[in-house]
Amino acid sequence: MTEVLIAGGGVAGAATALALHRAGLAPVVYEAHASGGEDAGAFLTVMANGMAALAEIGAARAVTEASYPAAAVELFDAGGHHLEHRAIAGPARTLSRATLYRVLQDLAAARGIPVIHGKRLTAAAVTGGGVEVTFADGGRAQGSILVGADGLHSPTRRLIDRQAPGPRHTGQHVVYGYAPGNPAGGAPDAYHMVFGGRAFFGFTAPGDGRTWWFARLPGAPRPGGTTAAQWRELVLAAVRDDATPAAAIVAATGGDVVGGDSYDIPTTPHWHNDRMVLTGDAAHAASPAAAQGASMALEDAVALAAALREHREPAAAFAAYSATRRAQTEETVAASAAMGRR
Ligand SMILES: Cc1cc2nc3c(=O)[nH]c(=O)nc-3n(C[C@H](O)[C@H](O)[C@H](O)COP(=O)(O)OP(=O)(O)OC[C@H]3O[C@@H](n4cnc5c(N)ncnc54)[C@H](O)[C@@H]3O)c2cc1C
């Protein structure tokens, strides 16, 4: 069996491991964090295309059991007037990013795929018959190919192409929080979204006794070290004047808040060399507006496994894979950026 090194155990990395295992390859996942990943307190929705990809890798049931249905979006303006009801094409599921990581990594482990935490890839070199990677702890590993599923700030992207563009700041912050109860009385499978005066605010009360909320608000990148309380106050100030439940929800939130600056990657000219290939955010990060980042990463996993099954030579497989995925993912990143600006 061919050993495939996967850098990153997030959505793309864990899903790629499951997909490659199904294709008869022998993946090993190396995840930088001791557990979970950065920003894992955020939540997301896996859309119908992502759920279809999960079904292909035998993970749809486990994700469904760990998540909540998302069936509709109710849109409001800053005055609290209902603007529109939008059905979400199903099945679509809401869950925290950390839960999605855990479910996929647990499935990988249950199928005998090694998932090794605390291994941060720092370098990689193409050798005669494969690739050798180096980790921050000085350890090394050899395999036939390297899959860079190492997210927005992917080192693999720069190993493939030193000139690769970095992430682009979208001009927005994204903040997530969890408030106790369901003060707005929302239906469990609906998102309420508000085009507020100074922030785009969304919330859902999926049925775990809490209201899950997010806000996107304009702002320049903030220095590291912004605390949960500071993110909460920033959102509160932005939604305070809107005649919607947003301020009450944010005010009721304790320390369960995670915030950050929003980035995307409109295009990555080189997705691969002869032995290394990118998947997920490493190749094409979308801003959160279209809620497609995780679903695209899951689709990548299926497409990469199919290409490696079909083509003996990794370079041919990588070329086929990127030809299948590039146009669609770049379109989605652009569409999400446009939605975010609106
Ligand atoms: C705030 C926010 C909200 C979002 N909302 C949605 C949504 O509603 N729906 C949706 O579909 N998507 C959403 N997304 C996008 C989605 O989370 C990402 O697109 C998705 O997680 C991409 O998966 P990934 O595996 O490529 O990257 P990640 O999930 O970021 O995983 C990358 C992994 O690689 C690891 N890593 C990094 N560097 C190294 C290294 N050098 N060596 C080893 N491991 C490394 C990281 O620790 C991490 O575990 C959102 C993103 C953000 C930031």
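So, to kick off: in what order do the 3 strands of the open sheet come, and is the pairing parallel or antiparallel? The order is β9-β10-β11, and the pairing is antiparallel. Keep in mind that we're looking at a predicted model here.

Let me stay on that sheet for a moment. Its edge strands are β9, residues 121-126, and β11, residues 140-143, and each of those pairs on one side only. Going from one strand to the next, the twist averages 20 degrees. Now β10, which is residues 131-135: this strand is joined to β11 by 4 bridges, and the two run antiparallel. If you want a spot to click on, try V133, which stands opposite A141 in β11.

Okay, on to the ligand. It has 32 residues around it, and the closest are E31, Y101, Y176, D281 and A294. Sorted by class, that shell comes out as 15 nonpolar, 10 polar and 7 charged residues.

Then there are the backbone contacts. A294 puts a backbone N or O atom 2.7 Å from an oxygen atom of the ligand. For A291, a backbone N or O atom sits 3.4 Å from a ligand oxygen. And with G8 the partner is a nitrogen atom of the ligand, 3.5 Å from a backbone N or O atom.

How much of the ligand's accessible area does the protein cover? The answer is 90% of the 990 Å² that the ligand has on its own. As for where the shell comes from, the elements giving two or more residues are α1 (11-22), β2 (26-31), β3 (43-46), α4 (97-110), β13 (168-180) and α9 (293-310).

That's my tour, thanks.

Key: Residues numbered from 1 in each chain as written. Predicted model: local features only at pLDDT ≥ 70, side-chain atom pairs only at ≥ 80, totals over all residues. Heavy atoms only, no water. Near = heavy atom within 4 Å. Polar contact = N/O pair within 3.5 Å; in protein donor to acceptor, adjacent residues only side chain to side chain. Areas by Shrake-Rupley, 256 points an atom, 1.4 Å probe, with all protein chains shown as cover. Nonpolar A, V, L, I, M, F, W, Y, C, P; charged D, E, K, R; others polar. Pairing = 2+ DSSP bridges. Axes fitted to C-alpha atoms, helices over the stretch in contact; angles between N-to-C directions.
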